[in-house]
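Biologist: I should like a close look at a single helix of this protein, followed by an account of how the rest of the chain is arranged. Please set out each term with its cut-offs as it arises.

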Amino acid sequence: MAKGKWFSWGKKKDTEPEDINAGQADSNTDMNNEAGNETDIETNEPADAQPEQDTAGKPRTGFFEKLMGGLKKTRESITQKIDQVLVSLGKVDEELFEELEEILITADMGMETSLKIISELREKVKKEKIADPGGVRQAIRDIITEKLTDKNTSLKLDTKPSVIVVIGVNGVGKTTSIGKIAHWLRSEGKKVTIAAADTFRAAAIDQLEIWAKRAGADIIKHSEGSDPSAVVFDAINHCKSKGADVLICDTAGRLHTKKNLMEELKKIFRIIKRELPDADMETLLVLDATTGQNAVSQARTFSEVSELTGIVLTKLDGTAKGGIIVSIKSELDVPVKFIGVGEQMDDLQPFNPAEFASALFGGD
Ligand SMILES: Nc1nc2c(ncn2[C@@H]2O[C@H](COP(=O)(O)OP(=O)(O)OP(=O)(O)O)[C@@H](O)[C@H]2O)c(=O)[nH]1
Ligand SMILES: [Mg+2]
């Protein structure tokens with residue numbers, strides 16, 4: 001895909017809490033848009049969704065290079081330090097294990113995960129009689145790769161339509177990730193509809209609209225402050241009538257209380273379950289890698305509203321805290337399904353554990 005100039009959304013202006021629930025029915029009214037909210041449908045999809053020739057099924061050389069570049073700081077904080085310790089100590093003993101443990105902890109892998117990795121390393125070294133630093137390096141790499149591997153790394157979107165609900169706190173990259181996932185699905189030949197169910201700020205709807213246009217996905221939107229569940233309801237009907245393959249729902253990241261946010265999300269999930277009881281549904285939690293260990297606690301909070309089927313880990317570029325990916329996967333047991341390494345359309349790709357480990361350990 002040709003790389004054109006792309007957008008960078010600057011820091012957004014916060015809306016005052018008072019604005020938040022304006023016009024948002026707390027009632028359980030049927031989602032038939034009786035409130036008189038204007039439904040706006042924007043069709044961006046060519047009648048015949050065609051895979052983009054240049055991305056589907058091709059080796060991801062370009063993405064691997066970006067991943068290598070994006071993980072530079074993380075590599076410096078993990079792999080280079082590991083290599084330094086291996087060289088300076090030169091032998092495999094308890095002191096080495098302790099040094100390695102400290103490196104992992106300080107690289108945002110989390111205490112629990114780091115202890116687990118080193119304990120597995122001790123066993124592996126003993127069992128396989130590893131006596132040289134090179135063997136230890138390979139053993140750590142194997143353990144980390146295994147920790148990142150999950151049988152459910154790919155999206156399960158077999159029904160027509162199937163649904164992806166994207167959740168996460170304010171500013172982590174939900175809206176931009178939706179644009180990128182829509183683009184990726186389109187490159188796989190899927191017809192995509194996006195529901196602008198973050199009605200919190202008008203700018204959020206505008207931002208999503210631009211991404212939908214770029215990705216070639218339809219977008220269903222209401223006005224600012226309207227009931228997000230009503231948007232989802234309309235989007236589901238649109239999908240049914242137009243034969244869309246996948247519905248992706250954007251959601252608000254910040255409401256005036258955590259309780260409001262959780263209730264709003266629960267309502268969205270109720271509508272989807274009611275209208276599409278047999279549909280495959282992915283609940284993707286977007287986490288910002290730069291937040292480090294805080295991402296793990298966010299994941300715990302959001303798992304209260306719905307079972308999380310996957311993590312989208314954004315902003316791995318430019319952070320030294322990429323080790324968080326191992327901690328998230330290991331502590332929450334939720335598979336990482338996409339990783340983001342930049343702001344361009346193809347900077348978000350399905351997660352491949354072996355490829356990630358390879359980039360983390362310097363591309364070999
Ligand atoms: N460097 C980098 N920036 C990213 C990445 N993903 C998202 N961003 C940027 O992060 C900022 C916030 O992204 P949004 O998609 O608006 O985040 P959001 O979660 O929808 O935010 P709210 O709607 O306010 O809750 C934007 O400036 C994005 O361009 C990434 O992988 N790398
Ligand atoms: Mg957003």
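Modeller: The answer begins with one helix and then turns to its surroundings, the core, the ligand and some backbone details.

This is a predicted model, in which local features need pLDDT of at least 70 and side-chain atom pairs count only at pLDDT 80 or more, while totals for chains, interfaces and linings use all residues. Residues are numbered from 1 along each chain as its sequence is written, and chains are lettered from A and ligands numbered from 1 in the order in which they are written.

The protein chain has 13 helices and 9 strands; helices (H or I, at least four residues) and strands (E, at least two) are DSSP runs, numbered from the N terminus. The helix chosen here is α5, residues 111–127. The expected span of a helix is 1.5 Å times one less than its number of residues. For the 17 residues of α5 that gives 24 Å, and the end C-alpha atoms are 24 Å apart, so the two values agree.

Thr113, Ser114, Ile117, Ile118 and Leu121 are the buried residues of α5. Seen down the helix axis, these buried residues fall within an arc of 130°, so they line one face of α5; the arc is that of the directions from the helix axis to the C-beta atoms. A residue is buried if 20 or more other C-beta atoms lie within 10 Å of its own, exposed if 12 or fewer, and partly exposed in between, with C-beta atoms placed from the backbone. An α-helix has 3.6 residues a turn, so residues three or four places apart point the same way. On the other side of α5, Glu123, Lys126 and Lys127 are exposed.

The buried residues of α5 pack against α4 (94–109), α6 (133–148) and α12 (324–332). Contact requires that the C-beta atoms of two residues, placed from the backbone, lie within 7 Å.

Each of these neighbours can be followed a little further. In the loop between α5 and α6 is lysine 129, whose phi is near 50°, a positive value in a residue other than glycine. Lysine 129 counts as exposed because it has 7 C-beta neighbours inside 10 Å. Beyond α12, in the loop between α12 and β8 (336–340), lies aspartate 333. Aspartate 333 also has a positive phi, near 55°, and is exposed, with 9 other C-beta atoms within 10 Å. Most residues other than glycine have a negative phi, and most peptide bonds are trans.

Helix α6 contains leucine 148, which is buried, with 22 other C-beta atoms within 10 Å. Leaving aside neighbours within four places in sequence, leucine 148 is in contact with Ile325, Val326, Lys329, Val336, Pro353, Phe356 and Ala357. Leucine 148 and phenylalanine 351 are 203 residues apart in sequence, yet 9.5 Å apart in space, C-alpha to C-alpha.

The loop between α6 and β2 (162–167) holds proline 161, and the peptide bond to proline 161 from lysine 160 is cis, with omega near 0°. Asparagine 152 is in the loop between α6 and β2 and is exposed, with 11 other C-beta atoms within 10 Å.

Over the protein chain, buried residues make up 46% of the 364 residues. Among contacts between residues at least 6 apart in sequence, 79% join residues at least 24 apart. The largest nonpolar core has 98 residues, and Ala182, Val232 and Ile248 are among those with the most contacts inside it. Helix α9 (residues 228–242) gives the largest share of this core, 7 residues. Such a core is a set of buried Ala, Val, Leu, Ile, Met, Phe, Trp, Tyr and Cys residues joined through C-beta atoms within 7 Å.

Valine 232, in helix α9, is buried, with 28 other C-beta atoms within 10 Å. Its contacts, leaving aside neighbours within four places in sequence, include Ala195, Cys249 and Ile268. Isoleucine 248 touches Ile164, Val166, Ile178, Ile181, Ala182, Val192 and Ile194, not counting residues up to four places away in sequence.

Finally, 24 residues surround ligand 1, the closest being Gly173, Thr175, Thr176, Gly253 and Gly340; a residue is near a molecule if its C-beta atom, placed from the backbone, lies within 6 Å of it. Helix α7 (residues 174–187) gives the most to this shell, with 3 residues.
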